[in-house]
Amino acid sequence: MTIKLTIMDEMARVAREHGKMLAPLNDDVALLDSGLDSLGIAVLVARLEDRLGVDPFTTAEDVQFPVTVGDFVKAYEHGAH
Amino acid sequence: MSTALTEAEPLRAHLARAPADAFLFDRAARVRLAALVAGTSLGGRLADLSGRSVLIATASQLTSALALIELDGVARRLTILPPDVDPDHLGALIAGAEIDAVVVDGPAPQFSGLPLCVTCTPNVAPRSDRQDAHAVTEWVLLTSGTTGVPKMVVHSLAGLTAAIASAKRSDPVVWATFYDIRRYGGLQIFLRAMLGGASLVLSSAGEPVAEHLARLGHHGVTHLSGTPSHWRRALMSPDIGTIAPRYVRLSGEIADQAVLDSLRAAFPHADIGHAYASTEAGVVFAVDDGRAGFPASFFEGARNGVEIKIIDGSLCIRSPGAASRYVGGVNSAALRDSDGFVDSADMVERHGDRYFFVGRKGGIINIGGLKVHPEEVEAVINRHPHVRMSLVRPKRSPFTGAIVVADVVLTTAPAVAENEAELRDDILKLCRGALPRHKVPAAISFVPALAVAATGKLLRRAV
């Protein structure tokens with residue numbers, strides 16, 4: 001599974017667990033409009049660390065807070081290199 | 001000129017100096033501060049409320065603010081009810097604070113047993129009677145939710161405003177806070193605005209971030225306060241550019257370097273400060289050098305009348321802004337030690353010339369302002385038939401400050417990895433059924449053993 005698909009899969013799972021409706025997603029959708037709130041995103045990042053072995057937001061020295069879904073996915077794609 | 005209050009000067013007296021264009025704003029209404037000097041939002045019922053122990057239990061922050069302004073110096077005691085208090089605890093709170101009147105802003109059958117119920121509205125009417133302030137009112141705040149009945153903490157207006165420095169009148173100030181003003185952090189901002197005669201834009205529960213930011217931008221907010229989690233949420237909004245505060249303030253959680261740097265990048269010209277305060281200890285200090293933690297020099301002598309020291313790793317505070325005592329039968333342990341120091345239960349560690357907050361004594365975890373006792377989560381996990389023991393601990397998160405994760409020791413190791421995943425889901429399902437979602441572990445790791453201290457207790461380490 002690609003990094004992006006893994007992220008989408010985990011987003012859907014966290015949304016389901018938190019009783020949230022996930023919006024139709026594309027790269028330009030604001031992360032906060034995705035249907036996940038701050039807690040949902042924090043949980044998502046922890047789950048993705050288990051699946052992808054990387055947490056680009058907590059380990060980085062200068063965290064860039066992701067604004068869009070595209071930013072969020074890109075942070076993982078960079079982290080994987 | 002100092003804005004520090006004398007004991008005789010009630011809150012309302014300060015509004016006489018507010019300019020005509022200073023307002024309290026919420027999503028639906030606005031109230032001119034100057035109109036409150038000779039107006040009433042309580043239907044002129046001040047004579048009835050005089051000398052009573054009054055519970056401020058309105059649904060909206062705006063009516064809470066109006067009632068506080070009107071009743072300071074009139075009521076014997078004002079107990080401020082935050083919006084998220086468990087209704088099951090109301091009886092204990094009412095008995096503990098000897099409440100004999102309540103201010104509401106809508107139907108409130110839960111208070112029908114109280115002798116006096118007065119309705120507050122944002123439609124301020126001229127006052128006919130001249131019920132002058134005569135009393136020094138006790139302000140009672142509730143500590144934020146852990147388990148059981150919240151503690152009730154007694155402050156005076158003089159103490160609550162002790163840390164508010166005199167503001168130089170230059171450009172007009174418009175305050176806002178992401179907090180609810182019925183909690184200590186938000187109340188500080190409310191009082192700052194009122195003492196300075198400045199407008200204040202109130203937050204609204206459940207308001208989407210984009211709409212809230214648009215509202216702050218519309219009112220030209222210059223001074224904005226929130227927790228690091230509030231700010232992270234704002235920084236993740238595409239609409240962050242709609243606000244341009246001159247002063248950015250963080251409090252209520254540990255401000256890490258990442259959030260400070262991100263705010264600096266978003267607001268290159270703003271003053272950015274993080275304050276350390278608690279409901280019991282009051283405002284302790286503010287750090288404005290843009291760096292996480294605080295300078296070791298803060299321990300050298302009193303600063304603004306506030307002294308700090310470390311006992312067993314925990315920061316202890318002696319301050320004129322500290323609460324005087326607890327009220328109510330529950331949790332009525334002494335608030336200060338024999339030297340007058342309040343134990344914050346916030347653990348600090350020195351690195352070089354600075355001290356950093358490393359977590360809570362007793363391991364309480366702060367998830368975006370909501371507190372979690374690890375033990376309550378462990379108790380749920382341990383109910384699972386395949387779990388021998390578990391350790392719940394915080395894991396740092398740039399989005400909520402921390403999240404809950406669990407290390408679990410099983411009675412027998414699962415044979416294959418697939419069973420492990422199934423078991424993890426099963427434990428999580430159990431947690432979701434029994435706990436609010438911020439307490440459900442974000443991740444579960446299966447470990448062969450957990451360290452136990454000589455006392456027989458699980459060894460808990462600070463993050």
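Among contacts in chain B between residues at least 6 apart in sequence, 67% join residues at least 24 apart; two residues are in contact if their C-beta atoms, placed from the backbone, lie within 7 Å. This is a predicted model, where local features need pLDDT of at least 70, side-chain atom pairs count only at pLDDT 80 or more, and totals for chains, interfaces and linings use all residues. Residues are numbered from 1 along each chain as its sequence is written, while chains are lettered from A and ligands numbered from 1 in the order in which they are written.

Here is chain B in brief.

| Property of chain B | Value |
|---|---|
| Span of the C-alpha trace along its principal axes | about 80 × 55 × 50 Å |
| Buried share of the 463 residues | 46% |

A residue is buried if 20 or more other C-beta atoms lie within 10 Å of its own.

Now look at helix H8 (residues 228-235) of chain B; helices are DSSP runs of H or I with at least four residues, and strands are runs of E with at least two, numbered from the N terminus. Seven of the eight residues of H8(B) are buried, so this helix is largely enclosed by the rest of the structure. Among the buried ones are B:Trp231 and B:His230. Their cover includes H2 of chain A, as well as helix H7 (209-218) and strand S13 (223-226) of chain B.

That same H2 of chain A (residues 38-52) packs with H1 (residues 3-17) of chain A at an angle of about 135°, their axes 10 Å apart. Axes are lines fitted to C-alpha atoms over the stretch in contact, with angles from 0 to 180 degrees between N-to-C directions.

Definitions and conventions. Buried ≥ 20, exposed ≤ 12 C-beta atoms within 10 Å, placed from the backbone.
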